[in-house]
Amino acid sequence: MTPLIPSSERTHQLRFYQLIQLLLTQGPFPTIEFNADGLRSAQPGFLETFDFNGVDTDWLFDFITVESRHSNRISLYSEYCYHKQFVTFEGERFSEELPLENCPILFDSVEVYDTLGWVVTSRFGIKELWFSNLKPTGLRAAPDYADLGKVDYHPISSEWVLFEEFDRTNGAFQVLYEQRDGKVERVPIDTHEKLDFIMLLGHHVGIESVTEELAQDSNAILKILHSNGMEFINLSQDAKRNIDYIEVAVCDCPGAFQSVPNDLRADRSLVLRLLEINGEVLKYAAPAFIHDRALALAAVRQSYTVYNHLNPDLQNDPEFLLLYRDAKKAYYEKWDEDFPL
């Protein structure tokens, strides 16, 4: 096991140097901007020599910024580059005295999948996929920093690697890669066998990640919704009227019901039926239903937390108070049974 490398002024300098090399040779990466002209103007000659004498490394990172919907632009250093310790590949050693160009790459993490033949590394939020002999596959991805995104490679067999990208605006998207004759190429998620294999290993697959043909297969849609009910929002408008899809989606993701067409959200009999599956659906049904006594009783009976969203008249009703108490007690008793200390 390669020893962890503690953070120091030299590691900060090396991180800046290696990030510049990454941006110049492998970039540009989405939402990352390196203001090279600004740095050359503020510190003439630095990018040619990387002479850190008398230069504040933290200040240098201010010339590498990312787009952010939350605070316009932010320094990549302050948000993504500070770590207490780093790691290198097995067998590589870092020394404070080594010239920058001779130092091993400092990673935030190195995940080795010995039995599958893959290595996944992370630095600056950027993920890279390697073969087990540390030969690069050429696959590298940066997250959408603007929406607090994440990217990752999930080796699932010696042939397949699932890539997943997530951000708060676009949700999750998956891509399947396959090793063929020493090369890694993207392959479609186009069969139930692939879908089942990926999900069996605990990974989600989105509607938009499969082929158009599979995305229109009702059995495939149900599998995807069983895995992640919020994928309901990516269905076509016609598919969102399918009651089977709605029932599966709201089972664990009641919020999916807000994407159901308005006439179905106002269908009292349908809402009552769904409340037996998940009481939280009431919060996303037609607004008037939150005042419907019978629907509210059904909702609290199934999910005691809905009680907190009812109007004061219903909350102070003795029948609701007793139901809330009993439903909450039953919930925690079941929790204790399922997750004993």
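Helices here are DSSP runs of H or I with at least four residues, strands are DSSP runs of E with at least two, and both are numbered from the N terminus. The model on your screen is predicted. Keep a selection box open and follow the stops below.

**Stop 1: the loops on either side of S8**

Select Leu134. Leu134 sits in the loop between S8 and strand S9, the latter spanning 136–141. Check its backbone: phi is near 70°, a positive value in a residue that is not glycine. Is Leu134 buried or partly exposed? The relative accessibility is 30%, so Leu134 counts as partly exposed, because that class runs between the 20% and 50% limits.

Now select Phe124. Phe124 belongs to the loop between strand S7 (118–123) and S8. Phi is positive here too, near 60°, and Phe124 is not a glycine either. The setting is buried: relative accessibility is 1%.

Move on to Lys127. Lys127 is part of strand S8, which covers residues 126–131. Which side chain does Lys127 reach in a polar contact of 3.0 Å? Add Asp152 to the selection; the two side chains are joined by that contact. Lys127 counts as buried because its relative accessibility is 11%, and buried means under 20%.

Before leaving, select Arg123, Glu128 and Arg140 together. A network of salt bridges links these three residues.

**Stop 2: salt bridges**

Side chains of opposite charge can pair when their charged atoms come close. How many salt bridges does the model hold? The count comes to 16. Three pairs are worth a selection each.

Start with Asp108 and Arg15. Their side chains meet in a salt bridge, with 2.9 Å from N to O. This pair ties together distant parts of the chain, 93 residues apart: Asp108 is in the loop between strand S5 (85–86) and strand S6 (109–113), while Arg15 is in helix H1. Both Asp108 and Arg15 are buried.

Then take Asp190 and Lys194. The side chains form a salt bridge at 3.2 Å, N to O. Colour by accessibility and the two partners fall in separate classes. Asp190 is partly exposed at 33% relative accessibility, whereas Lys194 is buried, with a relative accessible area of 14%.

Finish with Glu280 and Lys283. The closest N and O atoms of this salt bridge are 2.5 Å apart. Here the acidic partner is the buried one: Glu280 has a relative accessible area of 12%. Lys283, with 32%, is partly exposed.

**Stop 3: two surface patches**

Switch to a surface view. Select Glu9, Asp56, Asp58 and Asp62. Together they form a negative surface patch. Glu9 comes from helix H1, residues 9–26. Arg15, from the previous stop, is in H1 as well. Why can Glu9 belong to a patch? Patch residues need over 30% relative accessible area and no salt bridge; Glu9 meets the area limit because its value is 43%, which is partly exposed.

Next, select Tyr331, Tyr332 and Trp335. What kind of patch do these side chains make? The patch is nonpolar, with an area of about 340 Å². Trp335 is in helix H14, which runs over residues 318–338. Trp335 is partly exposed at 43% relative accessibility.

**Stop 4: C-alpha pairs across the chain**

Return to a C-alpha trace and turn on distance labels. Select Pro3 and Glu92. They are 89 residues apart along the chain, yet their C-alpha atoms are separated by 9.7 Å. Pro3 is in the segment before strand S1 (5–6). Its relative accessible area is 44%, so Pro3 is partly exposed.

For the last selection, pick Gly206 and Asn234. The separation in sequence is 28 residues, and the C-alpha distance is 8.3 Å. Where does Gly206 lie? Gly206 is in the loop between helix H6 (192–200) and helix H7 (212–215). Gly206 is buried, at 2% relative accessibility.

Conventions
Residues numbered from 1 in each chain as written. Predicted model: local features only at pLDDT ≥ 70, side-chain atom pairs only at ≥ 80, totals over all residues. Heavy atoms only, no water. Patch = residues over 30% accessible without salt bridge, like charges linked within 9 Å, V, L, I, M, F, W, Y side chains within 5 Å. Areas by Shrake-Rupley, 256 points an atom, 1.4 Å probe, with all protein chains shown as cover. Salt bridge = Lys/Arg side-chain N within 4 Å of Asp/Glu carboxyl O. Lys, Arg positive; Asp, Glu negative; His and termini not counted. Charge placed at Lys NZ, Arg CZ, Asp CG, Glu CD. Buried < 20%, exposed > 50% of the residue type's maximum accessible area, 1.4 Å probe, protein only. Polar contact = N/O pair within 3.5 Å; in protein donor to acceptor, adjacent residues only side chain to side chain.
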